[in-house]
Amino acid sequence: MPAVSKGDGMRGLAVFISDIRNCKSKEAEIKRINKELANIRSKFKGDKALDGYSKKKYVCKLLFIFLLGHDIDFGHMEAVNLLSSNKYTEKQIGYLFISVLVNSNSELIRLINNAIKNDLASRNPIFMCLALHCIANVGSREMAEAFASEIPKILVAGDTMDSVKQSAALCLLRLYKTSPDLVPMGEWTSRVVHLLNDQHLGVVTAATSLITCLSKKNPDEFKTCVSLAVSRLSRIVSSASTDLQDYTYYFVPAPWLSVKLLRLLQCYPPPEDTAVKGRLIECMETILNKAQEPPKSKKVQHSNAKNAILFEAISLIIHYDSEPNLLVRACNQLGQFLQHRETNLRYLALESMCLLAGSEFSHEAVKTHIETVINALKTERDVSVRQRAADLLYAMCDRTNAPQIVAEMLSYLETADYSIREEIVLKVAILAEKYAVDYTWYVDTILNLIRIAGDYVSEEVWYRVIQIVINRDDVQGYAAKTVFEALQAPACHENMVKVGGYILGEFGNLIAGDPRSSPLVQFNLLHSKFHLCSVPTRALLLSSYIKFVNLFPETKTTIQDVLRSDSQLRNSDVELQQRAVEYLKLSSIASTDVLATVLEEMPPFPERESSILAKLKKKKGPGTVTDMEEGKKEQTEVNGGVEPAVNASTVSTPSPSADLLGLKSAPAGGGSLLVDVFSDAVPATGALAPGSEDNFSRSLDLPGESPASLLVDATLGADTVTTVPAAGSEDPALPVPDADDLLNKFVCKNNGVLFENQLLQIGIKSEYRQNLGRMYLFFGNKTSVQFLNFTLNVSCPGELQNELNIQAKPVEPIVEGGAQVQQVINIECLSDFTEAPLLNIQFRYGGTVQNITLKLPITVNKFFQPTEMASEDFFQRWKQLSSPQQEAQKIFKANHPMDTEVTKAKLIGFGSALLQDVDPNRDNFVGAGVIHTKSIQVGCLLRLEPNSQAQMYRLTLRTSKEAVSKRLCALLSQQF
């Protein structure tokens, strides 16, 4: 109820409320209410005209009765009459009654709208605010149709009072959320942006909320708000708590406004103006510095306000993903919160660090907190915090720490909450496969997973382990031995029996030489589990038994006795009965040769996307255009995928890179190298053609095969893959002015946003192995309107057509509003090159043809394979490449802060191995690797010498080919 002064108190209302409270039963309450309703009805219908006070009192009583849960079917006209009163309390009660009881279909809506228009035109600020509050509270489409064009004029009028501006901004925000199509974009949009410079911080706060909502749908209309928001944020952040006295909350100046401004800035890419960007970076640094200062108050409100600004600033830093120094500092600040006594802070820190783990600049910094995160997983009381800890371990995992993280997650799984066990099982299965260098470790991990949490191991997981064992000869004997030992446990999960039955049926002969695992012992072990299993598992075991007949003829009689038993031949289940009959006849009448042919070993499975990863994506939710900027949830490797066992001395650890678009959350067929043949899912639009998928997968799994044979070949139909033409075959538009800058952003990373404007967002996810590469382009329609005649053309200008072989899969010609399409490009490096391929995008939007040409970020360093070498070997090779034609050197000024960890990350992302303890000067960086092309392999050595005092670098590249030295030097020098 509204506050009223003592002199204006409604005694009759107070007495009525007191009577209701004193009622002893529900019946007594209803009786008193009915009596009052009869009295009010008689007063309204009486001959004597009621004064304003009486109307207000009776309307208040009706409102109170309605709030008690009783229907009110009269009194609406009296409430409307109160709107014409010149007394504030009467008008306030009238608007309150209408806001609560009058719906948009009411016959009185026209009278109400007229009263609101009169109040809006009255220029009385109190009446205007009451009218605006009523519009916002009702918020119906009819209200929007009547006032959506009027409220912006009030908002930007020069003579409007501050309190009215606040109400108008929030009212317009409410109408835009309910009926965005009815709020016209006009000249007021440019003027509303300047409210960010208003002297009244209440107006600025309300305007920021409005602009944030409007800019999400119309970013180009409000792009000028970025510089104004940065300016206002800078003034707030640099001010003392006494400067903004009315808006200081527990010694924190304007915390709500600061958070809103930071959220507004997340609607746009980093500012292009260097002065604005520099000022914004100063703001971020100031916020991070203030987080380190001792608290000015011990009250929880002070720390909450301070941390709200800090976490929103970190979200903005992650959104930009372009300032390595800020990303590392943000990570270190969050690391301090991981052991904070406040549970909410620990939760938020873990959640934000999951996003930071997706950035190549901060991934290494996140990894330094691995022990703290593991401890949180073990000791946290709150299950939601433990789940975030598991998410962070999954995000920070790479080849260097995979065994440790997988082991800890397996250990935690034994005591994990039931609600998160399935998700952890999926994550362990994915990590074990993705980072398996030794596949015996992978087999051990999955069998442990089944042993610990067998009930939560889905079919996708044990299907996958069988596929990998069948496809890899080197692990089959070990898998048979390991699963045989696992089956000897007294209590054995049914999933273990399934895996054991399948693997022993295929490869039991590999361990049959040992008397402890002779054929009969293997059979008896499997059959001892038979009666405990479900029908599908028994069916699988019967298939394993007939396989034994082929592998071990000496077991034939024993197995036939089992198949001949009544429990099989007369089984109530048709499937088991049919198998028993058919297998018995097959073993009895077929010759040895026929039996060997029918029951021969399973051939290797063709590769498809992993259904394990697909299941985790489904559990987490698919990525969409609207959440692209929030999609940095999962960590991927530069060269991605599952690698075969390789010599650790010849390959260094690839650097992680950011997943800016939530690309790993894309639908099935989104390009993950985790593959699976058991999934029945049809590849989504943009998935690879069958031939290209198989060939590329083999390039990852079979290092001994010639790389030249791995590219998509002529077996693919012309409608499946398009060979990229030379530039001369078509004349695409010139590249956008900043095409070279966009290209340079991807020299040291493989994933991210390549291009973005108000209509279109283009993301890239790519992976390379030797002279082969694969690139996934994601085109997101940011509007609500279809893109028609959507065509993509990749061209190789000039000599590049002889240096790169590029094949692209066509895309659908229509892109729905808010939708995302994907194009897959296969790349083969034929020889070293300097130019970049061109990507031309054409589509029709709103009757206008859009034509955009970009440079694809394919540079020669993408085909870099890192190489480790000792100090003596490095300098011996360095001297051998001493010819002036083989060396390229450049001395240049640092364009970014000279941070050691960031420099290391960039050099690893560039593709070279970072050699430790090679250069006598420990401040210098030394790297080595090999550029792989189809025609030649080019050995590369690099040396980067930073001078922190002069803020300068000297970069020296030595390779066996002059053009490669110059190109690598030019590319790398632009990164520092």
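H1 and H3 are roughly parallel to each other, a label for angles under 35 degrees, with over 145 counted as roughly antiparallel, 65 to 115 as roughly perpendicular and the rest as oblique. Helix H1 covers residues 11-22, and its angle with H3 is about 20 degrees, with the axes 9 Å apart. Axes are lines fitted to C-alpha atoms, for helices over the stretch in contact, and angles run from 0 to 180 degrees between N-to-C directions. Helices (H or I, at least four residues) and strands (E, at least two) are DSSP runs, numbered from the N terminus.

This is a predicted model, in which local features need pLDDT of at least 70, side-chain atom pairs count only at pLDDT 80 or more, and totals for chains, interfaces and linings use all residues. Residues are numbered from 1 along each chain as its sequence is written, and side-chain values use heavy atoms, with hydrogens and water left out.

**Helix pairs**

H1 passes H3 in a right-handed crossing. A crossing is right-handed if the near helix is turned clockwise from the far one by less than a right angle, and left-handed if anticlockwise. On the H1 side, the residues that meet H3 are Arg 11, Gly 12, Leu 13, Phe 16, Ile 17 and Ile 20. H3 brings Tyr 53, Lys 57, Cys 60, Lys 61, Phe 64 and Ile 65. Contact means heavy atoms within 4.5 Å. By class, this contact of H1 with H3 has 8 nonpolar, 1 polar and 3 charged residues. Here Ala, Val, Leu, Ile, Met, Phe, Trp, Tyr, Cys and Pro count as nonpolar, Asp, Glu, Lys and Arg as charged, and the others, Gly among them, as polar.

H4 packs on H6 at about 15 degrees. That makes H4 roughly parallel to H6. Their crossing is left-handed. Met 77, Val 80 and Leu 83 of H4 make the contact with Leu 111, Ile 112, Ala 115 and Asp 119 of H6. The H4 and H6 contact residues divide into 6 nonpolar, no polar and 1 charged.

Further along the chain, helix H18 (residues 343-356) packs with helix H21 (residues 383-396) at about 25 degrees. That makes H18 roughly parallel to H21. The crossing of H18 and H21 is left-handed. In H18, the residues involved are Thr 343, Tyr 347, Leu 350, Glu 351, Met 353 and Cys 354. They meet Ser 384, Val 385, Arg 388, Ala 389, Asp 391, Leu 392 and Ala 395 in H21. The contact of H18 with H21 has 8 nonpolar, 2 polar and 3 charged residues.

| Helix pair | Angle | Axis separation |
|---|---|---|
| H1 and H3 | about 20 degrees | 9 Å |
| H4 and H6 | about 15 degrees | 9 Å |
| H18 and H21 | about 25 degrees | 9 Å |

**An enclosed helix**

Helix H4 spans residues 76-83, and 6 of its 8 residues are buried, so it is largely enclosed by the rest of the structure. Buried means under 20% relative accessible area, exposed over 50%, and partly exposed in between (1.4 Å probe, protein chains only). The buried residues of H4 are His 76, Glu 78, Ala 79, Val 80, Leu 82 and Leu 83. Their cover includes helix H2 (26-45), helix H3 (52-67), helix H5 (88-101) and helix H6 (109-121).

**Two residues of H32**

Ser 587 lies in helix H32, residues 574-589. Ser 587 is buried, at 1% relative accessible area. Not counting residues up to four places away in sequence, Ser 587 touches Ile 546, Val 549, Lys 556 and Gln 560.

Arg 579 is also found in H32. Arg 579 is partly exposed, with a relative accessible area of 22%. With the same neighbours in sequence left out, up to four places away, Arg 579 touches Ala 539, Leu 540, Leu 542 and Ser 543. Arg 579 and Leu 542 are 37 residues apart in sequence, yet their C-alpha atoms are 7.2 Å apart in space.

**Positive phi in two loops**

Tyr 250 is not a glycine, but has a positive phi of about 50 degrees. Tyr 250 sits in the loop between strand E1 (248-249) and strand E2 (252-253). At 32% relative accessibility, Tyr 250 counts as partly exposed.

Asp 321 is not a glycine either, and has a positive phi of about 50 degrees. The loop of Asp 321 runs between helix H16 (300-320) and helix H17 (324-337). Asp 321 counts as buried, at 4% relative accessibility.

**The whole protein**

The protein has 40 helices and 19 strands. Of its 976 residues, 55% are buried.
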